[in-house]
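Work through the exercises below with the sequence and the model at hand. Each task is followed by a solution in steps.

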Amino acid sequence: GHVGEVEMPAAEVGEVLGIAAKEEALREAAPVDSDSAGGMTVAALTLEEKLAIAEIVRDEIRPLRREITAYKEHNNLQTILGGLGYIVGLFGVGFYFAALRKLAA
């Protein structure tokens, strides 16, 4: 049979389970150097600001992920139905030629 697979990022799993994995992920992120920013001074964000930005981005991306997942499922169903259509069509062509041979004999 067919097997369904789902991938969820750790942040969403933590959110579902009620675990705050967001803070740990942000603490592990490397700080931005002023040298790598092209000589520009980069303002440092507080942990609360980083969490707020991460939450906003996550909330905005979630519907897009759902749409992509729905499209993939819809596309897979079309592929399966298309394959079945090819099989039925090939059998139809075979029966057509078999009927022509039978009528000719």
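A residue counts as buried under 20% relative accessible area, as exposed over 50%, and as partly exposed in between. The model used throughout is predicted.

**Exercise 1.** Describe the salt bridge of R62 and classify both partners as buried, partly exposed or exposed.

Step 1. The structure holds one salt bridge. R62 pairs in it with D59, and the closest N and O atoms are 3.2 Å apart. This meets the criterion, because a salt bridge needs a side-chain nitrogen of Lys or Arg within 4 Å of a carboxyl oxygen of Asp or Glu.

Step 2. Place the partners in the chain. Both D59 and R62 belong to helix α3, with a spacing of three residues, about one turn of the helix.

Step 3. Apply the cut-offs. D59 has a relative accessible area of 37%, so it is partly exposed. R62 has a relative accessibility of 16% and therefore counts as buried.

Step 4. Add the general principle: side chains of opposite charge can pair when their charged atoms come close.

**Exercise 2.** Determine the order of secondary structure elements and the share of buried residues.

Step 1. Count the elements: the protein has three helices and zero strands. Along the sequence they give the pattern α-α-α.

Step 2. Turn to burial. Of the 105 residues, 5% count as buried. The accessible surface of the protein is about 9400 Å², and carbon and sulfur atoms account for 63% of it.

**Exercise 3.** Locate I80 and relate its position to the surface patch and to the UniProt annotation.

Step 1. I80 is found in helix α3, which spans residues 47-104. Its relative accessible area is 37%, so I80 is partly exposed.

Step 2. I80 belongs to a nonpolar surface patch together with L77, L81, L84, I87, F91 and F95. The accessible area of these residues together is about 730 Å².

Step 3. Consult the record. An unreviewed UniProt entry annotates residues 80-100 as "transmembrane region". In the model this stretch is 100% helix and 0% strand, with 31 Å between its end C-alpha atoms.

**Exercise 4.** Characterise the largest pocket by its volume and its lining.

Step 1. The space in the largest pocket is about 640 Å³. Its lining consists of 18 residues, of which E5, V6, E7, T69 and E73 are the closest to the centre.

Step 2. Assign the lining to elements. Helix α3 gives the most, with nine residues.

Definitions and conventions: Residues are numbered from 1 along each chain as its sequence is written. This is a predicted model: local features need pLDDT of at least 70, side-chain atom pairs count only at pLDDT 80 or more; totals for chains, interfaces and linings use all residues. Side-chain values use heavy atoms; hydrogens and water are left out. Patches are made of residues with over 30% relative accessible area and no salt bridge: like charges are joined within 9 Å, nonpolar side chains (Val, Leu, Ile, Met, Phe, Trp, Tyr) within 5 Å. Accessible areas come from the Shrake-Rupley method with a 1.4 Å probe; for residues, only the protein chains shown count as cover. Helices (H or I, at least four residues) and strands (E, at least two) are DSSP runs, numbered from the N terminus. Buried means under 20% relative accessible area, exposed over 50%, partly exposed in between (1.4 Å probe, protein chains only). UniProt positions are given in the numbering used here, feature names are shortened, and annotations may be inferred rather than shown by experiment. On a 1 Å grid over the protein atoms alone, a cavity is a set of points where a 1.4 Å probe fits but cannot get out, and a pocket is an open set with protein on both sides within 12 Å along at least five of seven lines; lining residues have an atom within 4 Å of a point. Grid points are joined across faces, edges and corners, and a volume is the space filled by probe spheres set on the points.
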